[in-house]
Structures are given as structure tokens and as C-alpha cells.
Amino acid sequence: MKSTATEIEDKVDELLACLDKDSQHLQESLSQLNKLRSFVIKRDDSGMGQLLKIIQAESNSYSHHESKRQTIRKELANALGCNTEQMTLSALEANLPKEKKAQVTKKKAKLMSLTKELKKEYLSTALLLSDCARFNNLLLKSIFDLGKTGAVYYNSNGATKQQTDLAFVNLQF
């Protein structure tokens, strides 16, 4: 029993270190969203390209971290005798001594607040990009519909005919 308790505490310490890295990753994601919005507003294509390369590199390295966290979660579930799906931070808190419980509670609260902030920033970024796409579509439509009055003409038979000529000048020498 004593070795199991020590094993659980060691795994909890590993999990706490993983949660610290998760917090750091969420903060970096928040920073990247802010940079992305800035680059979009400034129309900085090279900055967006560099940011994309950074995000791709971090994504590859973060997948290793996620698998490590899932492994720790499985080991904790086995040590506590429950399903992996049932092993959450809340369930872990219930099975820990007071000092470890406080640490897990603190990490959990920090992760929840960062996740809430990330959702808000993600929504703001998505709305900005949506508005940019809408403005671009309106701009393109106004350019290609330039000179079209939308007026309907009637021929001698009473049939409708729309204006087909454009205001663009066709210059041929």
C-alpha cells in the first residue's frame, strides 16, 4: 500500500509538470492569436508565413507531450483502480491528500481560465477573418459589377433584356 501511494504521488508530480507545460502552451496559443490578428490587420503576409511555420513546428513537438500526458493519465487510472475515461482532474482531486489536492486544484483553475480566454480570443480571431472575407467578397463584387446598373430594358416584343455592356473601356489600336 505504501509503495502504491508513493507511486501515485510520483505520477501526480509528473502530471503537474505536464499541466504546467499545458498552461505554457495555452499562453503561447493566446500570443499567436494576437499576432495573427495583428498581421491580418497590417496585411503582413511574410509575418503570417513565419507564424505559420512556428505553429507547425510547435504542433509537432506538442503531440509528443499530449501522448505523455495520456500515458500518465492511464497509469494513474490503473493505480487508482478506475477507467481511463473516468480519470479527470476532479476525480484525481478526490483521491489525493490535502497538499497534492491543493496543487491539482490550482493547476485545474489556471487551465480552465486559460481555456476560457483562448475560446474568447479564438472567437474574436474567427470573427475578424470572417469580416475580412466578407469585405473582400464585397470588394470583388463591386469591381466586377462596375458599370452594371442592374437596369432592365424591354424590347419591342415586351421581353426583358438586362444591360450587358460594362463601364470598362476596351482599347484596341
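Q: Buried means under 20% relative accessible area. Why does Lys11 count as buried?
A: In this predicted model, Lys11 has 16% relative accessibility. The cut-off is under 20%. The value falls on the buried side, so Lys11 counts as buried.

Q: What makes Glu14 and Lys11 a salt bridge?
A: The closest N and O atoms of Glu14 and Lys11 are 3.6 Å apart. The rule asks for a side-chain nitrogen of Lys or Arg within 4 Å of a carboxyl oxygen of Asp or Glu. The pair meets the rule, so it is called a salt bridge.

Q: Where do Glu14 and Lys11 lie?
A: Both residues are in helix H1. They are three residues apart, about one turn of the helix.

Q: Why is Glu14 called partly exposed?
A: Its relative accessible area is 34%. Partly exposed is the range between buried, under 20%, and exposed, over 50%. The value lies in that range, so Glu14 is partly exposed.

Q: Which residues are linked with Lys11 and Glu14 in a network of salt bridges?
A: Glu75 joins Lys11 and Glu14 in that network. By the same distance rule, the count comes to nine salt bridges.

Q: How do you know that Arg69 and Asp22 form a salt bridge?
A: Their side chains meet at 2.8 Å, N to O. The limit is 4 Å. The distance is within the limit, so the contact counts as a salt bridge.

Q: What parts does the pair of Arg69 and Asp22 tie together?
A: Arg69 lies in helix H2 and Asp22 in helix H1, so the pair ties together parts that are 47 residues apart in sequence.

Q: Why are Arg69 and Asp22 called buried?
A: Arg69 has a relative accessible area of 18%. Asp22 has 6%. Buried means under 20%. Both values pass, so both residues are buried.

Q: What makes Glu117 and Lys120 a salt bridge?
A: The closest N and O atoms are 3.8 Å apart. That is within the 4 Å limit, so the pair counts.

Q: How far apart are Glu117 and Lys120 in helix H4?
A: They are separated by about one helical turn, because they are three residues apart in that helix.

Q: Why do Glu117 and Lys120 count as partly exposed?
A: Glu117 stands at 30% relative accessibility. Lys120 stands at 49%. Neither is under 20% nor over 50%, so both are partly exposed.

Q: Which residues gather in the patch of negative charge on the surface?
A: Glu7, Glu9, Asp10 and Glu99 do. Asp and Glu count as negative, so the name of the patch follows.

Q: Which helix gives the largest share of the negative patch?
A: Helix H1 (residues 2-42) gives three residues. Glu7 sits in helix H1.

Q: Why does Glu7 count as partly exposed?
A: Glu7 has 40% relative accessibility. That is between the limits of 20% and 50%, so Glu7 is partly exposed. Patch residues need over 30%, and Glu7 meets that cut-off too.

Q: Which residues form a nonpolar patch on the surface?
A: Leu139, Leu140, Ile143 and Phe144 form it, with about 410 Å² of accessible area together. Leu140 belongs to helix H4.

Q: Why is Leu140 called partly exposed?
A: Its relative accessible area is 46%. Exposed needs over 50% and buried under 20%, so Leu140 falls in between.

Q: Why does Arg43 count as exposed?
A: Arg43 has 71% relative accessibility. The cut-off for exposed is over 50%, so Arg43 is exposed. Its place is the loop between H1 and helix H2 (45-80). Arg43 is not a glycine, yet its phi is positive, about 60°.

Q: Why is Ile8 called buried?
A: Ile8 has a relative accessible area of 11%. That is under 20%, so Ile8 is buried. Ile8 lies in helix H1.

Q: How many residues separate Ile8 and Leu96 in sequence?
A: They are 88 residues apart in sequence and 8.8 Å apart in space, C-alpha to C-alpha.

Q: Which elements of the chain have the lowest and the highest mean pLDDT?
A: Strand E2 (residues 160-162) has the lowest, 68, and helix H4 (residues 98-144) the highest, 91. The chain averages 85, and 86% of the residues score at least 70.

Technical notes
Residues are numbered from 1 along each chain as its sequence is written. This is a predicted model: local features need pLDDT of at least 70, side-chain atom pairs count only at pLDDT 80 or more; totals for chains, interfaces and linings use all residues. Side-chain values use heavy atoms; hydrogens and water are left out. Patches are made of residues with over 30% relative accessible area and no salt bridge: like charges are joined within 9 Å, nonpolar side chains (Val, Leu, Ile, Met, Phe, Trp, Tyr) within 5 Å. Accessible areas come from the Shrake-Rupley method with a 1.4 Å probe; for residues, only the protein chains shown count as cover. The place of a charge is taken as NZ of Lys, CZ of Arg, CG of Asp or CD of Glu. Helices (H or I, at least four residues) and strands (E, at least two) are DSSP runs, numbered from the N terminus. Buried means under 20% relative accessible area, exposed over 50%, partly exposed in between (1.4 Å probe, protein chains only). pLDDT is the predictor's confidence in each residue, from 0 to 100.
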